Amino acid sequence: MEEKELKTGRHSIYMEWYSKDPGGLFMRVNRWLYSAQSPFQRIDIFESPFYGRVFSLDGITMTTEIDEFMYHEMLVHVPMFMHPNPKKVLVIGGGDGGSIREVLKHPSVEKAVMCEIDELVVKAAIEYLPYTSNKLSDPRVELVYEDGAKFVRQFKNEFDVIIIDSTDPTAGEGGHLFTLEFYKACNEALKEDGILCAQTEGMTYDWEWGTTAYKRIKANFPLAKMYLGFMPTYPGGMWSYTFASKTGIDPIKDFNPEKVRNFKEPLRYYNEEIHKAAFALPNFVRKYIGED
Ligand code: AAT
């Protein structure tokens, strides 16, 4: 039987309350596609008439089909283009597969390990989020289901790039991925010329966490710089990321725009101009992170 387009009306809605409960985000729901309680968190996937498929954990929006590319491209391509030859990459978290999809666009990559705590997230993404998960079956990908903070500790001098695509520190098991010890372990798991990049929260609602994450990363690396990108369905619409390098390689001074211009894969957000512009921080953000 052919399914009719549903009239969503005004009653069928999903709501996300931002941290500290000042307000939030709501979206019309066309159909609920999947809901489950894993040992770690509540998982929901629904279809919205405008946002497309939406994936949420414990009521917090992780990805929507209309803007996930903005987040994943900014988290992944800034560090990937700064590394001279990234062959072995570790993604921590990121169970929907969006970060892995972007990592594999770089032809130098021989192996991409994804360490996600929740196997059920990955299973649900493969079934219901083809727009992010379509590269998880690539032969270069290895999937590990473990707490990323534990997993990373077993490596020394192993990875070229580590990408931290974690949930918020206050949600599920995400807190483990914001500690000083964790960033130190990441530093040790990186090769001599390794690069780290982490999602470090929105600076409007969650600036305390953004600042803490940035300062803890900076304490472990000779160079750390925060940068920003638009992300319409994350709180504040403006998201922060922190870039860090072991050699002190600088994402502005040492950036080669030619590399981005000659890139063969299609990108919808990131380009060489965005790369440079993203490191320009508003005064209030500079102040929060103590660099005013
Ligand atoms: N790319 C989608 C965006 C995400 S998903 C973050 C993932 O991190 C989730 O799948 C979650 O299960 C996983 N995760 C949480 N804690 C751990 C851990 N300790 N080890 C490994 N994986 C973990 C993030 C969006 C954040 C922004 C939302 N406001």
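Student: Which residues are buried in helix α3, residues 119-128?

Tutor: In this predicted model, the buried residues in helix α3 are Val-121, Ala-124 and Ala-125. A residue is called buried here if 20 or more other C-beta atoms lie within 10 Å of its own. On the helix, Val-121, Ala-124 and Ala-125 cover an arc of only 100 degrees around the axis, so they are on the same side of α3.

Student: What covers the buried residues of α3?

Tutor: The cover includes two strands named β3 and β4, together with β8 (111-116) and helix α4 (130-133).

Student: May we turn to the whole chain? How many helices and strands are there in the chain?

Tutor: The chain has 10 helices and 13 strands. Its radius of gyration is 18 Å, close to the 19 Å that the globule rule gives for 292 residues, so the chain is as compact as a globular protein of that length. The C-alpha trace spans about 60 × 45 × 40 Å along its principal axes.

Student: How much of the chain counts as buried?

Tutor: Of the 292 residues, 45% count as buried. Contacts give another view of the chain. Taking contacts with a separation of 6 or more, 66% are made by residues 24 or more positions apart.

Student: What domains does the domain assignment of the chain give?

Tutor: The assignment gives domain 1 (13-64) and domain 2 (68-288). Their centres, taken over C-alpha atoms, are separated by 22 Å. The contact between these domains takes 21 residues from domain 1 and 22 residues from domain 2.

Student: Which strands each supply at least two residues of the side of domain 1 that touches domain 2?

Tutor: These strands are β3 (31-37), β4 (42-48), β5 (52-57) and β6 (60-64). Strand β6 gives the most to that side of domain 1, with five residues. Sorted by class, the side of domain 1 that touches domain 2 has 13 nonpolar, six polar and two charged residues.

Student: I should like to look at one residue of β6. Is Thr-61 buried or exposed?

Tutor: Thr-61, which lies in strand β6, counts as buried because it has 21 C-beta neighbours inside 10 Å. Apart from its neighbours within four places in sequence, Thr-61 is in contact with Glu-16, Leu-25, Val-54, Ser-56, Thr-233 and Tyr-234. A distance can be read as well: the C-alpha atoms of Thr-61 and Gly-210 are separated by 18 Å, and these residues are 149 residues apart along the chain.

Student: How should an annotation from a record be read? Where does UniProt place the feature "binding site"?

Tutor: An annotation is a statement of the record, to be set beside the model. The unreviewed UniProt entry places "binding site" at His-72, Asp-96, Asp-165, Ser-166, Thr-167 and Asp-168. Let us examine two of these positions.

Student: Where is His-72 found, and what is it in contact with?

Tutor: His-72 is found in helix α1, residues 68-82. With 26 other C-beta atoms within 10 Å, His-72 is buried. Leaving aside neighbours within four places in sequence, His-72 is in contact with Gly-98, Ser-99, Arg-101 and Glu-102.

Student: In which strand is the place of Asp-165?

Tutor: Asp-165 is in strand β10, residues 159-165. Asp-165 is buried, because 26 other C-beta atoms lie within 10 Å. Not counting residues up to four places away in sequence, Asp-165 touches Leu-75, Val-91, Ile-92, Gly-93, Gly-94, Ser-99 and Gln-199. Ser-99 thus appears in the contact list of His-72 and in that of Asp-165.

Student: Finally, how does one read a backbone angle? What is the phi of Lys-20?

Tutor: One notes the sign of the angle and the kind of residue. Lys-20 has a positive phi of about 75 degrees although it is not a glycine. Lys-20 lies in the loop between β1 (13-17) and β2 (24-28). Lys-20 is exposed, because it has 10 other C-beta atoms within 10 Å.

Student: What is the phi of Asp-58?

Tutor: The phi of Asp-58 is near 50 degrees, a positive value in a residue other than glycine. Asp-58 lies in the loop between β5 and β6. With 17 C-beta neighbours inside 10 Å, Asp-58 counts as partly exposed.

How values were computed: Residues are numbered from 1 along each chain as its sequence is written. This is a predicted model: local features need pLDDT of at least 70, side-chain atom pairs count only at pLDDT 80 or more; totals for chains, interfaces and linings use all residues. UniProt positions are given in the numbering used here, feature names are shortened, and annotations may be inferred rather than shown by experiment. Helices (H or I, at least four residues) and strands (E, at least two) are DSSP runs, numbered from the N terminus. A residue is buried if 20 or more other C-beta atoms lie within 10 Å of its own, exposed if 12 or fewer, and partly exposed in between; C-beta atoms are placed from the backbone. Two residues are in contact if their C-beta atoms, placed from the backbone, lie within 7 Å. Domain bounds come from an automatic or database domain assignment. Ala, Val, Leu, Ile, Met, Phe, Trp, Tyr, Cys and Pro count as nonpolar, Asp, Glu, Lys and Arg as charged, and the others, Gly among them, as polar. The radius of gyration is taken over C-alpha atoms; the globule rule is 2.2 Å times the number of residues to the power 0.38. The arc is that of the directions from the helix axis to the C-beta atoms.
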